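Subject: A structure for you to explore

Hi there,

I am handing over a structure that I have been looking through, and I would love you to explore it alongside this email. Please open it in your viewer first, then read on.

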Amino acid sequence: MFYILPIISCIVLITIDQTIKYFTVLNFYNGGNFEIINNFFYLTYTGNAGAAWGIFNGARIFFLAATLIVIGFIIVYYIKIPKIKNTKWLRIALVLITSGAIGNFIDRLFRDGGKVVDMFHLTFWGYYSFPVFNFADILIVSGSILLAIVIFFCKDLKLK
């Protein structure tokens, strides 16, 4: 019963990610964009066969295998976390990271060429164009930042 909420949370977050990606693919041609905030925020559909900033482009099998290993590690680690109140933020961080990883894993497994669908594009008034990213990436980064905060500031966390 203790694991139902994190499983439901993962399912909801993955569903949000996949729904956004579905509507992006349905409504934009690859490379097409739509301006939300002038010179700052755009919806830009692009497929990414690599990792962040396109590194390791075309390493689909590596990413699929690495994702399975990381998710397996997270599940084992999650199960070993003591069932006490002060582990809430650690659990949330792991759910966010896992949900994002699964969202991108689904793309790599089922989309054409193993490409992850990216759509959020930030530009900083013509000075810098941040690489296009997706909701799953937001989950992974948010979860990783939260995990780092937990690791640095919660010294009393001990696993069984």
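Below is a short tour of what was found.

**The overall layout**

Please keep in mind that this is a predicted model. The protein has 4 helices and 3 strands, and along the sequence they come in the order α-β-β-α-α-β-α. If you take the principal axes as your guide, the C-alpha atoms fill a box of roughly 50 × 35 × 30 Å. The protein has 160 residues, and 37% of them count as buried.

**A network of charges**

Let's start with the salt bridges, of which the count is 3. Which residues do they link? Asp17, Lys21, Asp107 and Arg111 are joined in a network, and you can walk through it one pair at a time.

Begin at lysine 21, which forms a salt bridge with aspartate 17, with 2.9 Å between the closest N and O atoms. Both residues belong to helix α1 (residues 4-27), where they are 4 residues apart, or about one turn of the helix. Lysine 21 is buried, and aspartate 17 is buried too.

Lysine 21 also has a salt bridge with aspartate 107, at 3.0 Å from N to O. Lysine 21 is in helix α1 and aspartate 107 is in helix α3 (residues 88-110), so this pair ties together parts that lie 86 residues apart in sequence.

From aspartate 107 you can step on to arginine 111, since their side chains meet in a salt bridge of 3.2 Å, N to O. Are these two partners buried or exposed? Aspartate 107 has a relative accessible area of 0%, so it is buried. Arginine 111 counts as partly exposed because its relative accessibility is 25%, and the range for that class runs from 20% to 50%.

**Two pockets**

Next, try looking for empty space. The largest pocket has a volume of about 630 Å³. It is lined by 24 residues, and those closest to its centre are Ala51, Ala52, Asn104, Asp137 and Ile140. Which elements build the lining? At least two residues each come from α2 (60-80), α3, β3 (116-122) and α4 (135-153), and α3 has the largest share with 5 residues. Sorted by class, the lining of the largest pocket holds 17 nonpolar, 4 polar and 3 charged residues.

The second largest pocket has a volume of about 280 Å³. Of its 14 lining residues, Pro6, Ile7, Cys10, Ile75 and Thr98 are the closest to the centre. Here α1, α2 and α3 each supply at least two residues, and α2 gives the most, with 5 residues. The lining of the second largest pocket has 13 nonpolar residues, 1 polar residue and no charged ones.

**Aromatic rings**

There is plenty to look at among the rings as well. The structure holds 10 aromatic pairs. One of them is formed by tyrosine 22 and phenylalanine 23, whose ring centres are 5.4 Å apart and whose planes make an angle of 75 degrees, an edge-to-face arrangement. Tyrosine 22 is partly exposed, with a relative accessible area of 47%. Phenylalanine 23 is partly exposed too, at 44%.

For a bigger group, select Phe40, Phe41, Phe120, Phe124, Tyr128, Phe130 and Phe133, which form one aromatic cluster.

Two rings have a charged side chain over them. Arginine 91 lies over the face of tyrosine 78, 4.8 Å from the ring centre. In the other case, the charged end of arginine 108 sits over the ring of phenylalanine 63, at 4.3 Å from its centre.

**A backbone detail**

Finally, have a look at asparagine 39. What is its phi angle? It is near 60 degrees, a positive value in a residue other than glycine. Most residues other than glycine have a negative phi. You will find asparagine 39 in the loop between β1 (33-37) and β2 (41-48), and with a relative accessibility of 36% it counts as partly exposed.

If you would like a place to begin, try the salt bridge network of Asp17, Lys21, Asp107 and Arg111, and then go on to the largest pocket, with Ala51 among the residues closest to its centre.

Happy exploring, and write back with any questions!

Best wishes

Key:
Residues are numbered from 1 along each chain as its sequence is written. This is a predicted model: local features need pLDDT of at least 70, side-chain atom pairs count only at pLDDT 80 or more; totals for chains, interfaces and linings use all residues. Side-chain values use heavy atoms; hydrogens and water are left out. A salt bridge is a side-chain nitrogen of Lys or Arg within 4 Å of a carboxyl oxygen of Asp or Glu. Buried means under 20% relative accessible area, exposed over 50%, partly exposed in between (1.4 Å probe, protein chains only). On a 1 Å grid over the protein atoms alone, a cavity is a set of points where a 1.4 Å probe fits but cannot get out, and a pocket is an open set with protein on both sides within 12 Å along at least five of seven lines; lining residues have an atom within 4 Å of a point. Grid points are joined across faces, edges and corners, and a volume is the space filled by probe spheres set on the points. Ala, Val, Leu, Ile, Met, Phe, Trp, Tyr, Cys and Pro count as nonpolar, Asp, Glu, Lys and Arg as charged, and the others, Gly among them, as polar. Rings of Phe, Tyr and Trp (its six-membered ring) pair if their centres lie within 6.5 Å; planes under 30 degrees apart count as stacked, over 60 as edge-to-face and the rest as tilted. A charge sits over a ring if NZ of Lys or CZ of Arg is within 6 Å of the ring centre and within 35 degrees of the ring normal.
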